[in-house]
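Good morning, and thank you for making time for this presentation. Please have the sequence and the model open, as I shall refer to both.

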Amino acid sequence: MVVTNSPTEPILSPESAITALNTEDNQIRYYAAWWLGKHQVQSACTALCEQLEDVRYRTVQGGYPLRRQAARALGQLRNVQAVPALLDALECDEDPQFREVVMEALGKIGDRRACDPLLQLLQSGKPQPYEALIEALGELRVLEALPLVEPFLKHSSERVQCAAARYLYLTTQKPEYLQRIIETLSHENRYLRWAAAFDLGAIGHLPAAEAIIQAKIGNSLKLLNVKKILETVLASDISEVEKKEAAESLFASIDQLIMQL
């Protein structure tokens, strides 16, 4: 990797963003990784994978901000070519937040090569970022994890409980698990209400859209998660008639939410 010492060009293109990853200014490098992820620049996959091993940008607490942002960007790219590098990154014990973001990225990419490594982490008995780990196992539909995930419904963290309910609904389709998340939308803790909305958006269950709309959360969060449900509906294999009816209903809800902003 060559470090660029010359003044950095404005990040206005994929090429300038990729070049900026190797400048001396860590803040610019961080922004470049964010920009590449936001714009889903597939040609940046290799360069972002290289940043998963970055040692130049490290906080006094020992974390690696650029590594984290590179992993987020790779999750946005959803490029299967990043999977080997992300699996190697799971071995980083120095920065738990980085490992958490890596798990999220693997879940978003959805490549089956991540199933066994993630399952092994759950089986290891060692402390893990359980919320991200269980959610990734759910996105990958790792059925072998079911008996291991069920006890997390009684975990001390309610966010982990929601992650377990999300996994169990995705793998079993049993409505009681979905209902458990919907009930969390009424929790007195607003952060748990937000987390529940994101869980429901990720699941993409159509009837959950109304629960999100009625929840005591900001309209921007409602819009984001109703949009996720709409995307899931449009990508589903239901009949075109059902898809049209569902889309019209969701578009009407989205329009109402936009008007209230």
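Let me begin with a term: a residue is called buried under 20% relative accessible area, exposed over 50%, and partly exposed in between. The model before you is a predicted one. With that cut-off in mind, consider Pro84, which belongs to helix 5, residues 83-89. Its relative accessible area is 41%, so Pro84 counts as partly exposed. Pro84 and Ala114 are 30 residues apart along the chain, and their C-alpha atoms are separated by 8.8 Å.

Two alanines serve as a contrast. Is Ala105 buried or exposed? Ala105 is buried, because its relative accessible area is 3%. This residue sits in helix 6. Leaving aside residues up to four places away in sequence, Ala105 touches Ala71, Gly75 and Leu86. The C-alpha atoms of Ala105 and Ala136 are 8.2 Å apart, with these positions 31 residues apart along the chain counted as their separation.

The second alanine is Ala197, in helix 12. Here the relative accessible area is 0%, and Ala197 is therefore buried. With residues up to four places away in sequence again not counted, Ala197 touches Leu185, Ile212, Ile217 and Asn225. For a long-range reference, Ala197 and Ala82 lie 115 residues apart in sequence, and 28 Å separates them in space, C-alpha to C-alpha.

I turn now to helix packing. Two packed helices are described by the angle between their axes and the distance between the axes. Helix 10 and helix 11 pack at an angle of about 145°, and their axes are 8 Å apart. The crossing of helix 10 and helix 11 is left-handed. On the helix 10 side, the contact is made by Gln161, Cys162, Ala165, Arg166, Leu168, Tyr169 and Thr172, while helix 11 contributes Pro175, Tyr177, Leu178, Arg180, Ile181 and Thr184. By class, this contact of helix 10 with helix 11 holds eight nonpolar, three polar and two charged residues.

The next pair is helix 11, residues 175-184, with helix 12, residues 190-203; the packing angle is about 145°, and the axes are 8 Å apart. Helix 11 and helix 12 likewise cross in a left-handed sense. From helix 11, the contact takes in Leu178, Ile181, Ile182 and Thr184; from helix 12, it takes in Leu192, Arg193, Ala196, Asp199, Leu200 and Ile203. The residues of the contact between helix 11 and helix 12 comprise seven nonpolar, one polar and two charged.

Between helix 10 and helix 11 there is a loop, and Gln173 lies in it. Most residues other than glycine have a negative phi, and most peptide bonds are trans. Gln173, however, has a positive phi, near 65°. With a relative accessible area of 47%, Gln173 is partly exposed. Where is Arg141 placed? Arg141 is in the loop between helix 8 and helix 9, the latter spanning 146-149. Its phi is also positive, near 55°. Arg141 has a relative accessible area of 38%, which means that it is partly exposed.

Finally, the pockets. Rolling a probe the size of a water molecule over the atoms shows where empty space is left. The largest pocket contains about 1200 Å³ of space. Its lining has 36 residues, and nearest its centre are Lys108, Arg166, Phe198, Ala202 and Lys228. Two or more residues of that lining come from each of helix 4 (65-77), helix 6 (96-109), helix 8 (130-139), helix 10 (158-172), helix 12 and helix 14 (219-235). Which element gives the largest share? Helix 12 does, with eight residues. By class, the lining of the largest pocket is made up of 15 nonpolar, seven polar and 14 charged residues.

The second largest pocket has a volume of about 240 Å³. It is lined by Leu87, Leu90, Glu91, Asp93, Arg99, Pro117, Gln120, Leu121, Lys126, Pro127 and Gln128. Helix 7, residues 115-123, gives the most to this lining, with three residues. The lining of the second largest pocket divides into five nonpolar, two polar and four charged residues.

To close, I return to helix 12: it carries the buried Ala197, packs against helix 11, and supplies the largest share of the lining of the largest pocket. Thank you for your attention.

Conventions: Residues are numbered from 1 along each chain as its sequence is written. This is a predicted model: local features need pLDDT of at least 70, side-chain atom pairs count only at pLDDT 80 or more; totals for chains, interfaces and linings use all residues. Side-chain values use heavy atoms; hydrogens and water are left out. Axes are lines fitted to C-alpha atoms, for helices over the stretch in contact, and angles run from 0 to 180 degrees between N-to-C directions. Helices (H or I, at least four residues) and strands (E, at least two) are DSSP runs, numbered from the N terminus. A crossing is left-handed if the near helix is turned anticlockwise from the far one by less than a right angle, and right-handed if clockwise. Contact means heavy atoms within 4.5 Å. Ala, Val, Leu, Ile, Met, Phe, Trp, Tyr, Cys and Pro count as nonpolar, Asp, Glu, Lys and Arg as charged, and the others, Gly among them, as polar. On a 1 Å grid over the protein atoms alone, a cavity is a set of points where a 1.4 Å probe fits but cannot get out, and a pocket is an open set with protein on both sides within 12 Å along at least five of seven lines; lining residues have an atom within 4 Å of a point. Grid points are joined across faces, edges and corners, and a volume is the space filled by probe spheres set on the points. Buried means under 20% relative accessible area, exposed over 50%, partly exposed in between (1.4 Å probe, protein chains only).
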